[in-house]
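Q: Could you take a close look at one buried arginine for me? I'd like to know what surrounds its side chain, and then how that spot fits into the chain as a whole.

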Amino acid sequence: MRVPPGSEGEVAAARAVDVAGSPGVSREQGDGPSLRVLHVSSGNLYGGVETLLRTLALSQKERTGGAEHAFALCFEGRMAQELRSAGAAVNLLAPAKVSRPWRVWRARRALMSLLQCERFDAVVCHAAWPQALFGPVVRTAGVPLLFFQHDVLTGAHWVERWARVTPPDLALCNSRYTAGTLRSVYPRTPWRVLHPPVRDGGAAPGASERASLRGELGALAEDVVLIHVGRMQEGKGQRLFLEALGRLRQVSGWKAWLVGGSQRPEESAYEEGLKAQAVSLGLGDRVHFLGQRAEVPRLMRAADVYCQPNTGLEAFGLTFVEALQAGLPIVTTALGGPVEIVDASCGVLVPPEAEALARALRGLIEDASARKTLGSRGPDRARALSSPQVFLEALEDAVRSVAREPTA
């Protein structure tokens, strides 16, 4: 159901903005950054979209000059806290929920008030849900509208059909694969591919620190550690990973870490099913579920092989780039966006079948030289794909291409 924004008087009265950092620049002020961009997202979950926004905020903080990027979220939570910690301007709208139309109205009025009070050269809606809810507000305010496509689109979901009502001026697609599905919602919208930025995970741990961390997580120094990182969702391939590991029970010298937590009830049920599967396959002492972890780059640098055999069509895959940065060889399925990240220079692509996956994993478990060769090529490929500075420059160029007035 489409809910129109409130009247101008209601908008002015309903502004609910919480800004961390320096105050925004009003339309009457002539100073400030030459280019200002507002990023709109829900803020109630944490995944690839939120990781991109955090990286954007941190990279902006470290950069001299360039655009100012501000953020508008519907929900207070981890995302808002991390953006504030990065020194970014965070605007809290209202906890919008489509089944509660008055909440949508409140959030829309807050956004309209923000756009009337501050100057932005463009608004970027991240994913179909904020595009559907807030695209009409941005249009009414007369600000250029960009849609950042983070997901594979089909045009069938009700959120996508709602988002179709308000075409953006430009779509930013996180991979060539997702760009190929954009036409199902926006057949006439121009688009550009911007691979999401990934920050360098830092220096590898020293030998003693690495051995200590591995020991804490059940791995000996001589073990080959296979690591999977991702939310507990069927399409991330945890079930297929376990099936392949079940075929490697007789192969000695490996352990597996599954990193990632549950954010919804169905994800919790899926995780419990995975743990039961591991026990039934006789892997209880070799597979460790580590839960949600903040130190993913550190864990990757303590592992030996990254394996995420997606069974669903992933749009891009930030964790694959993080694994490349960590110098890990990658084993994944030849599906969706990850094919743009992983090739024969840095990993192994397999069909989504347990036997093929088991063969690829066994080859790397038993061949240290192959692990070293593939892993050594990862950092350069990661920089070529997802440099934060290159991303910022490309994003700002995209904004300038749709800006209503030239910016100095």
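A: Here is a walk from that arginine outwards to the whole chain. Keep in mind that this is a predicted model, so everything below is computed from predicted coordinates.

Start with R36, which sits in strand 1, a run covering residues 36–41. How buried is R36? Its relative accessible area is just 1%, and since anything under 20% counts as buried, R36 is therefore in the buried class. As for a partner, a polar atom of the R36 side chain lies 2.7 Å from the backbone oxygen of R119. That pair is within the 3.5 Å used for a polar contact. Note that R119 offers a backbone atom here, while R36 brings its side chain.

Moving along the sequence, you get to A127, in the loop between strand 4 (122–126) and helix 5 (128–141). Its backbone is worth a look: phi is positive, about 90 degrees, although A127 is not a glycine. A127 is buried too, with a relative accessible area of 14%.

For a contrast, try G87. You'll find G87 in the loop between helix 3 (78–85) and strand 3 (90–92). At 52% relative accessibility, G87 counts as exposed, because the cut-off for that class is over 50%. G87 also gives you a feel for distances in the model: its C-alpha is 36 Å from that of L226, and the two are 139 residues apart in sequence.

Now zoom out to the chain. It is built from 16 helices and 13 strands. Its radius of gyration is 22 Å, close to the 22 Å that the globule rule gives for 408 residues, so the chain is as compact as a globular protein of that length. Along the principal axes, the C-alpha atoms fill a box of roughly 70 × 45 × 35 Å.

What share of the residues counts as buried, as R36 and A127 do? Of the 408 residues, 55% do. Contacts tell you about the fold as well: among those with a separation of 6 or more, 71% link residues 24 or more positions apart.

Finally, the surface and the charges. The accessible surface comes to about 16700 Å², and 51% of that belongs to carbon and sulfur atoms. Across the chain there are 47 positive and 42 negative side chains, with the centres of the two sets 3 Å apart. Arginines such as R36 count among the positive ones.

How values were computed: Residues are numbered from 1 along each chain as its sequence is written. This is a predicted model: local features need pLDDT of at least 70, side-chain atom pairs count only at pLDDT 80 or more; totals for chains, interfaces and linings use all residues. Side-chain values use heavy atoms; hydrogens and water are left out. Helices (H or I, at least four residues) and strands (E, at least two) are DSSP runs, numbered from the N terminus. Buried means under 20% relative accessible area, exposed over 50%, partly exposed in between (1.4 Å probe, protein chains only). A polar contact is a pair of N or O atoms within 3.5 Å; within protein, one must be able to donate a hydrogen and the other to accept it, and residues adjacent in sequence count only if both atoms are side-chain atoms. The radius of gyration is taken over C-alpha atoms; the globule rule is 2.2 Å times the number of residues to the power 0.38. Contact means heavy atoms within 4.5 Å. Accessible areas come from the Shrake-Rupley method with a 1.4 Å probe; for residues, only the protein chains shown count as cover. The place of a charge is taken as NZ of Lys, CZ of Arg, CG of Asp or CD of Glu.
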